[in-house]
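Trainee: Could you take me through one part of this model closely, starting from a single residue and working outward to the elements around it?

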Amino acid sequence: MTDNKGSIRTKIQRFGNFLSSMIMPNIGAFIAWGLITALFIPDGWLPNESFAELVGPMITFLLPLLIGFTGGKLVHGVRGGVVGATATMGVIVGAEVPMFIGAMIMGPLGGFIIKKFDGLLEGKIKPGFEMLINNFSAGILGGALALIGLGGVGPVVSAFSQAMGVGVGAIVDAGLLPLTSILIEPAKVLFLNNAINHGVLTPLGLEQASEVGRSILFLLETNPGPGLGILLAFMFFGGGMAKRSAPGAAIIHFFGGIHEIYFPYVLMKPSLILAAIAGGMSGIFTFNLLGAGLPASPSPGSIIAYTLLTQPGYYFPVFSGIVIATAISFAVASVILKASKNKGEADLTEAASKMETMKGKESSVSSALTADSDKPSEQLNASSVNKIIFACDAGMGSSAMGASILRDKVKKAGLDIEVANTSISNLPEDADVVITHKDLTPRAKEKLASAHHISVDNFLSSPEYDKLIDELK
């Protein structure tokens with residue numbers, strides 16, 4: 001029964017990761033659009049009629065096409081990306097609203113169809129005709145999908161998007177939006193937040209922002225207040241390692257925007273999820289009451305990203321929601337900790353390991369709180385190692401921090417070896433060593449069987465790194 005539940009959770013996580021993988025590589029473009037909107041629209045910081053002309057075309061064409069290309073590329077490389085983007089153009093033209101959901105459908109569909117077509121013709125094309133057939137097959141299939149998107153998919157997705165928008169509006173008007181924290185906050189600990197935030201809230205928020213210039217949906221999952229309140233409570237009322245590590249975790253969480261850092265604290269004392277939910281609900285209630293909103297998703301959920309994206313006249317509503325969420329979360333967490341016999345004196349290793357098991361993926365950030373791993377690495381041919389890769393689901397944040405630590409160790413050891421980070425789906429073929437959390441190692445081996453794989457329990461602070469350096473030396 002447990003294995004079945006784990007399998008279902010893993011499948012949901014993989015689906016959520018696939019959705020977020022279409023959005024996250026393009027977050028820079030979303031932020032660019034958000035900044036241009038915040039600066040140059042009539043009620044922006046620097047109103048400029050000429051520059052503001054970028055706002056409409058970017059959200060109507062650029063962003064959906066980027067999503068469509070990325071979705072197709074995930075399925076079948078650049079060739080799939082080209083067909084996916086071409087197919088996405090059909091739903092863009094065939095709809096009256098920004099086609100983010102349509103792009104998340106047509107992009108992967110285009111990649112899937114061209115992948116199947118290439119599979120059927122593999123080894124059957126006569127020499128000298130490869131380029132001709134490849135180019136025309138992509139053009140014909142992409143054009144056909146664009147027509148299907150224009151005539152069929154676009155109107156359907158447009159109607160669905162409008163219905164979703166009406167539903168969200170009804171929830172907001174009814175004052176029920178704070179109840180979403182009951183789902184969002186536990187989902188963050190289970191690492192389903194990518195599916196919720198980037199798969200649902202961001203597309204709907206962008207459509208809402210295209211109409212009114214901002215959306216409260218960007219504030220629901222990214223609010224750093226609930227996590228900050230819990231970490232502050234540990235600073236004042238915790239004990240042992242949890243108390244000592246909480247200040248550093250709070251800095252990474254609040255300024256770095258890596259919310260994953262506070263998950264082990266919640267899992268060490270599951271009742272603290274009530275503090276996160278209470279903080280999230282109070283923050284959303286405040287956002288809704290004061291009319292807060294952002295023009296784009298602050299990714300990562302850092303106070304710095306919030307500050308840069310907040311429009312003139314909205315600092316008080318936005319910051320009030322963060323402060324209130326922090327205060328309520330802190331108050332609830334403080335009561336729970338003061339009433340508890342275990343205030344965190346126990347090592348966080350068990351909680352971090354539990355978090356990673358529940359999430360079905362490595363959590364390098366959480367491992368910064370702990371420092372043990374008894375997983376021995378396999379024998380390595382040190383003379384052949386030129387590239388070491390840290391791999392995780394998204395290839396950002398946690399894996400980047402892990403790579404940074406090992407890169408520093410490699411440099412101090414005087415070794416001329418490249419250390420980088422990426423997502424498992426983009427593992428480079430020339431990687432000699434791949435470091436992943438134990439729960440992700442099977443996926444990494446399936447993706448790149450030729451590499452030497454190292455599994456760790458605690459991604460950021462593992463004795464495996466020193467063992468690896470000794471072997472390489």
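Mentor: In this predicted model, Thr310 is buried, because its relative accessible area is 0%, where anything under 20% counts as buried. The residue sits in the loop between α12 (303-309) and α13 (315-338), and its side chain reaches back to the backbone oxygen of Tyr306 at 2.6 Å. Leaving out residues up to four places away in sequence, Thr310 touches Trp45, Leu294, Tyr315, Val318 and Phe319.

Two of those contacts, Val318 and Phe319, bring us to α13, which runs over residues 315-338. At 1.5 Å a residue, its 24 residues should span 34 Å, and the end C-alpha atoms are indeed 34 Å apart, so expectation and model agree. The buried residues of α13 include Pro317, Val318, Ser320, Gly321 and Ile322, and further along Ala325, Thr326, Ser329, Ala333, Ser334, Ile336 and Leu337. Among the elements that cover them are α8 (225-237), α9 (240-256), α11 (273-290) and α12, the last of these being the helix that precedes the loop of Thr310.

A second threonine, Thr70, makes a useful parallel. Thr70 is placed in helix α3 (residues 55-93), and it counts as buried because its relative accessibility is 12%. The side chain of Thr70 reaches the backbone oxygen of Leu66 at 2.8 Å, and it also makes a polar contact with the side chain of Asn26 at 3.0 Å. With neighbours within four places in sequence set aside, Thr70 is in contact with Ser21, Met22, Pro25 and Asn26.

Helix α2 covers residues 27-40, and its 14 residues should span 20 Å at 1.5 Å a residue, which agrees with the 20 Å between its end C-alpha atoms. Its buried residues are Ile27, Ala29, Phe30, Trp33, Gly34, Ile36, Thr37, Ala38 and Phe40. Of these, Phe30 and Trp33 are also listed, together with Ile67, Ile230, Phe234 and Tyr265, as the residues with the most contacts inside the largest nonpolar core, which has 65 residues. Apart from that core lies another, of 17 residues, with Val385, Ile388, Tyr465 and Ile469 among them.

Ile388 falls within strand β1 (residues 387-392), which pairs with β3 in the parallel sense over 3 bridges. Phe390 has Ile435 as its bridge partner in β3. On β3 (residues 433-437), 5 of the 5 residues are buried, with Val433, Ile435 and His437 on one side and Val434 and Thr436 on the other, so that both faces are covered. β3 also pairs in the parallel sense with strand β4 (residues 452-456), over 5 bridges, and there Thr436 has Ser455 as its bridge partner.

Charged pairs complete the picture, and the structure holds 6 salt bridges. One of them joins the side chains of Glu418 and Lys387 at 4.0 Å, N to O; since Glu418 lies in strand β2 (residues 418-423) and Lys387 in strand β1, this pair ties together parts that are 31 residues apart in sequence. Lys387 is buried, given its relative accessible area of 14%, whereas Glu418 counts as partly exposed at 43%. Lys387, Glu418 and Asp430 are linked in a network of salt bridges. Another salt bridge joins Lys409 and Asp466, with the closest N and O atoms 3.2 Å apart, and because Lys409 lies in helix α15 and Asp466 in helix α17 (residues 463-472), it ties together parts that are 57 residues apart in sequence.

Key: Residues are numbered from 1 along each chain as its sequence is written. This is a predicted model: local features need pLDDT of at least 70, side-chain atom pairs count only at pLDDT 80 or more; totals for chains, interfaces and linings use all residues. Side-chain values use heavy atoms; hydrogens and water are left out. Helices (H or I, at least four residues) and strands (E, at least two) are DSSP runs, numbered from the N terminus. Buried means under 20% relative accessible area, exposed over 50%, partly exposed in between (1.4 Å probe, protein chains only). A polar contact is a pair of N or O atoms within 3.5 Å; within protein, one must be able to donate a hydrogen and the other to accept it, and residues adjacent in sequence count only if both atoms are side-chain atoms. Contact means heavy atoms within 4.5 Å. A nonpolar core is a set of buried Ala, Val, Leu, Ile, Met, Phe, Trp, Tyr and Cys residues joined through side-chain atoms within 4.5 Å. The expected span of a helix is 1.5 Å times one less than its number of residues. Two strands pair if DSSP finds at least two bridges between them.
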